[in-house]
Amino acid sequence: MKGRGAHFHFHLCLALLFALFAVGFGMGVKNQSVRCIAAEKRALLDFKEGLIDDYNRLVSWTSKEEECCEWEGVGCDNTTGHVLMLDLGPKFGGSWMPISGEIGTSLLELKHLSHLDLSMNHFEKIPEFIGSLAELTYLNLSYSPLTGFIPHQLGNLSRLLYLDLSNGDFEHSLTSDNLEWLSHLSSLKLLKIRHASFKKATNWLQVIQSHPSLQVLHFDYCNLPEVDRSSLSRFNISNSLTILHLSSSIPLRPSTFPLLLNISQNLVELDLSYNHFLSSIPDTFDNMPSLERINLEQNNFEGGIPQTLGNLCSLKELNLRMTRLSGSLAVAVKNLSGCAKYSLESLLLAYNNFNGSLPSFVPFSSLRELDVGYNQLSGHFEDNFGDFSKLSVLTLEENRFTGPLPDLSRLSSLRKLYLKGNRFEGPLPLSIGEISQLVLLDVSYNSLHGVISEAHLSNLAKLQRLSISFNSLSFHPSSDWIPPFQLNFIGLASCELGPQFPNWLKKQANFSHLDISNSNISEVIPDWFWNLPSSLKFLNLSFNQISGKVPNIPLEFEYLPVIDLNSNLFYGPIPQFLYNSKVLDLSNNMFSGSLSFLCTTGGWTFLDLSNNLLSGGIPNCWSGMLEISIINLENNNLSGVIPSSMGSLWSLQSLRLRNTSLHGEIPQSLKSCTSLRLLDLGENKLTGIIPPWIGERLENLVVLRLRSNKFHGDIPSSLCKQQFLQVLDLSLNNISGTIPSCINNLTAMAHLESSEATIEFTYNYNDDYDRGDNHFTTTTDGTFDDHILVIWKGLEREYGKTLGFLRVID
């Protein structure tokens, strides 16, 4: 499947055609002898009065300007002067500047209005009176936060050709209990409704069939009611339909899915993605010979790819990602080797259960994108592509391929190469440097070894994303080497780069992601490095021996989500620019100063300041940090008490305050931290009893470590309620009495078969994501494997990678 951009431009062209048809091609060169109608000018000014135009888009709308046909977004008939078009949608190439307020009834004075576009603004309701704009042929209210019922009065717009009520927000949803009003729009050619709720509109299927001229139909994320077999057996859409999108909308029974394919023979594009169908893919695509694009992503299919898909001689894009297909990939490709092999440009089979070796794709001479990532493919990566001059994106990541990488230089048009997460070995072929169109190269998480030379990269002037992390590669270009590219993603973790700091980074000015962790750098960090680009979103220098003071550089970052300086030799106070992050790991350094800066921000999801020289008390200002999952302040020169405001951290999973000289009692407010799985307060001066609410309220605890404090009294029997507890350490306190007899209720101490090796925690942050020709910024879940110190056979040992297997009561 090509990127979303291709589909956007395809539909954009359709929209423009409908727009031109809607206004009857009546607007060309302005006729200076024709003025707009005075009543219509007043109507537009009255309409403006109800709007909130924070960006002054309508600055030209003024009573002093006599010719309203020259106003922004207004189009008139050259002969009569009547307003035919009102277009306040986004303009191409400009930034989004939404208008809000109320869609006023003064529009009713525009008797000849045929084109109304208010898309991508901040209107909240569809007014009923729009159904009285009888001349409308084009109506676009898409991508506004619209809510409430869709007025049935829209059914009065009998001339309407184009209707788009798509909503881009799941939280703002239009509803309609009955779609009968749609059946009256007899001229309709394009209908797009997205993120609406039609769960009571049982007549939707019949309404669709009532449109003999409908060409484009989008009902995406519309919560349509279930369709039974008898209704589908009568499903017979007109042959005028060319595009059908029903993504994430139809709760069909498994046996009814094949019948959905008995529709228009002229269908060009079919999207049934994200419907979670439970069936095999029916072998009945011969009924739709005109199909060019098929998207069945995110369904629960059985078996493989039917042969009739290979018989579609016009098929260009086939998306079967995340559909649970299985069997030999060679058989699947063979089933596509009919006439489709000459037309197929995009084949997406990722996140399935295909196995076997990589088959030959030589017959697929038109292929531009191939994605077979995240399957169970094995064997060597042979040269199975021939002289592929068109292949642009090749994705083999997260499989089980072994052996050396082949010479790929014949893939002269290759732009993106994903080979991450396999078992490739040997050197990185020098021929990589001959693929001059390469924009993205990802060979991370393999077993490659050897040296990367300047010759590998010197011809890759278009390269933007380089990821070679977690191999055994070394890269030591000359100190005066100037890269020919500007990277936005630099992933060199666990590569041999040191001991000198890589000087070529000085010439990289646009990167958003930099990971040079564990790369054997042992030099004072140069001053020039801190001239970081404002686009930076991810910075990881961890597990080196980098020294120096982190300067308090000017705060130019809107948002720097991930900062990891763990395990270096940095010293001095924590600079202000590091505060504005979601993930901050400064552990195992020599940072000093107080923790008062914690009160200046509240956006963290992960905070690790352990093993530094920080001093003073822990400030009592945690109430606003509602998303934080992990806090580690252990092994610092702290003092004071555990702040009560930590009890507001309902998302907190791991709290480690070990060896920080804290005193006082455990605050009762912590009983609200019900997501806690690891609590380590050991090696402090805490007093009081062990609170019974730990057993009653913190029911998700896996690790509870209160070792070496001044707790007294009994072991509360409520601890026996901990069904997940695997590590319990209450040693070196002043506890008295008997061990509760219910201790045998800690059943997780005895069961090993369900254990994972680590105790893993999750947190989220924003990250750049590339997939095929798409680029996104998404909220990403990070993972963190925790570790603790345990006395075992008289010795203090740290458990991390095997912590999940540990069972201890002390």
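**View 1. The pairing of strand 23 with strand 25.** Strand 23 (residues 376-380) and strand 25 (residues 400-403) run parallel and are joined by 3 bridges, where strands are DSSP runs (E, at least two residues) numbered from the N terminus and two strands count as paired if DSSP finds at least two bridges between them. One of the residues to look for here is Ser378, whose bridge partner in strand 25 is Arg400. This is a predicted model, in which local features need pLDDT of at least 70 and side-chain atom pairs count only at pLDDT 80 or more, while totals for chains, interfaces and linings use all residues. Residues are numbered from 1 along each chain as its sequence is written, and side-chain values use heavy atoms, with hydrogens and water left out.

**View 2. The open sheet of 7 strands.** The strands of this open sheet follow the order 19-21-23-25-27-29-31, and their pairing is parallel. Strand 19 (326-328) and strand 31 (472-475) stand at the edges with a single partner strand each, so one side of each has no neighbour in the sheet. On average, neighbouring strands of this sheet are turned by 20° against each other, direction ignored, with axes taken as lines fitted to C-alpha atoms and angles running from 0 to 180 degrees between N-to-C directions.

**View 3. The open sheet of 5 strands.** Here the order is 35-37-39-41-43, again with parallel pairing. At the edges are strand 35 (547-549) and strand 43 (637-639), each of which pairs on one side only. The average turn between neighbouring strands of this sheet is 15°, direction ignored. Within the sheet, strand 39 (residues 590-593) runs parallel to strand 41 (residues 613-617), and 2 bridges join them; Gly593 stands opposite Leu614 in strand 41.

**View 4. Residues 39-77, an annotated stretch.** An unreviewed UniProt entry places the feature "domain: Leucine-rich repeat-containing N-terminal plant-type" at residues 39-77, and such annotations may be inferred rather than shown by experiment. Over residues 39-77 the chain is 28% helix and 13% strand, and the C-alpha atoms at the two ends are 15 Å apart; helices are DSSP runs (H or I, at least four residues).

**View 5. The chain as a setting for the close-ups.** The secondary structure of the chain comes to 7 helices and 56 strands. Of its 810 residues, 56% count as buried, a term for under 20% relative accessible area (1.4 Å probe, protein chains only).

Methods: Buried means under 20% relative accessible area, exposed over 50%, partly exposed in between (1.4 Å probe, protein chains only).
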